[in-house]
Amino acid sequence: MIKAEKLVKRFGRFTAVDGVSFRVSSGQIVGLLGANGAGKSTTMRLLTGYLSADQGTARVGGFDITANRDAAQRLIGYLPESAGGFPQITVREFLAFAGEARNIWGAELRDAIDRVSEMVDLNSALHRRMSELSKGWRQRAWFAQALLHDPSALILDEPTDGLDPNQKDRARALIRDAAKDKAIILSTHILEEAEELCDRVIVIDHGRVVRDLPCQDLLDERGRLAPAFRQLTGGSAERPGGNP
Ligand code: ATP
């Protein structure tokens, strides 16, 4: 469903994503793990068409994100990292805008908003302006827009960031449920979340895939990912960006 092939992205002379390849099938939840600056968000932006690759290809449902961007994007629900914006409109208006941008109108749009508001427990905030929302509620509004068109692929950049513990549980249950008929890629710094949710993990370091394995294969005897994560990424200095 999602296929990245030798993706490369440079910012000036700095290579943020350096030949990343992987595939994600429907029914799978794949975790992108890596230190700050490893290249996770940039990879996700390449997959969703919000950045264009310098080399390589990304396909969703067989559609090339560059050559067939509209068709590919119709299949993608994307939750960007630290999503914000749209301060003056209400959550309902934001969802309506997101739906119309995806060509959902009228009764179908109202039904879609009802459905996702229920799913992410957003009903009590629908009348509030985006600028008035706390971080966790804003995250829920953006989560809802990613689900609005019932996409076949979900690309979620730190989906539980800012959520309270109850909402984290709810979001994880939602992701697990969505995986029944979707391909899901998520990034997280919460290794327990990857242990709990992911069938497979892809560890990215300095823009490269250093491991792509079933989550099970990276767990230690206590069922923890942390030792393998430290070993795979611990030696790498955090990349603030720019040329070394
Ligand atoms: P984090 O876990 O901190 O969110 P990440 O793995 O998602 O990190 P990216 O956001 O993909 O990392 O960034 C990878 C590298 O590319 C970083 O060094 C970052 O500074 C750099 N980078 C990302 N976007 C740009 C940009 N628009 N211009 C210049 N450099 C950028």
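Biologist: What makes the pair between the ligand and Ala38 a polar contact?

Modeller: This is a predicted model. In it, an oxygen atom of the ligand is 3.1 Å from a polar backbone atom of Ala38. The cut-off is a pair of N or O atoms within 3.5 Å, so the pair qualifies.

Biologist: How do you know that Gly39 and Thr42 make polar contacts with the ligand too?

Modeller: Use the 3.5 Å cut-off again. A polar backbone atom of Gly39 is 2.9 Å from a ligand oxygen. For Thr42, an N or O atom in the side chain is 2.6 Å from an oxygen atom of the ligand. Both values are within the limit, so both pairs count.

Biologist: How many residues surround the ligand, and which are the closest?

Modeller: There are 17 around it. The closest are Asn36, Gly37, Lys40, Thr42 and His189.

Biologist: Now the helices. Why is H3 called oblique to H4?

Modeller: Look at the angle. The axes of H3 (residues 91-101) and H4 (residues 106-119) come within 10 Å and cross at roughly 125°. That value is over the 65 to 115 range for roughly perpendicular, and it is not over 145, so H3 is oblique to H4. The crossing of H3 with H4 is right-handed.

Biologist: Which residues of H3 and H4 meet?

Modeller: H3 brings Arg92, Leu95, Ala96, Gly99 and Glu100. H4 brings Leu109, Ile113, Val116 and Ser117. By class, that is five nonpolar, two polar and two charged residues.

Biologist: What makes H3 and H5 roughly parallel?

Modeller: Their axes come within 9 Å and cross at roughly 25°. Angles under 35 degrees count as roughly parallel, so H3 and H5 earn the term. H3 and H5 cross in a right-handed way. From H3, the contact uses Val91, Phe94, Leu95 and Ala98. From H5, it uses Ala141, Trp142, Ala144 and Gln145.

Biologist: What classes of residue make up the contact of H3 with H5?

Modeller: Seven are nonpolar, one is polar and none is charged. Gln145 is not on the nonpolar or charged list, so it counts as the polar one.

Biologist: And why is H5 called roughly parallel to H6?

Modeller: The axes of H5 (residues 135-147) and H6 (residues 165-178) come within 13 Å and cross at roughly 10°. That is under 35 degrees, so H5 is roughly parallel to H6. Arg140, Phe143 and Leu147 of H5 touch Gln167, Ala171, Leu174 and Ile175 of H6. Five of these residues are nonpolar, one is polar and one is charged.

Terms used
Residues numbered from 1 in each chain as written. Predicted model: local features only at pLDDT ≥ 70, side-chain atom pairs only at ≥ 80, totals over all residues. Heavy atoms only, no water. Axes fitted to C-alpha atoms, helices over the stretch in contact; angles between N-to-C directions. Helix = DSSP H or I, 4+ residues; strand = E, 2+ residues; numbered from the N terminus. Left-handed = near helix turned anticlockwise from the far one by under 90°. Contact = heavy atoms within 4.5 Å. Near = heavy atom within 4 Å. Polar contact = N/O pair within 3.5 Å; in protein donor to acceptor, adjacent residues only side chain to side chain.
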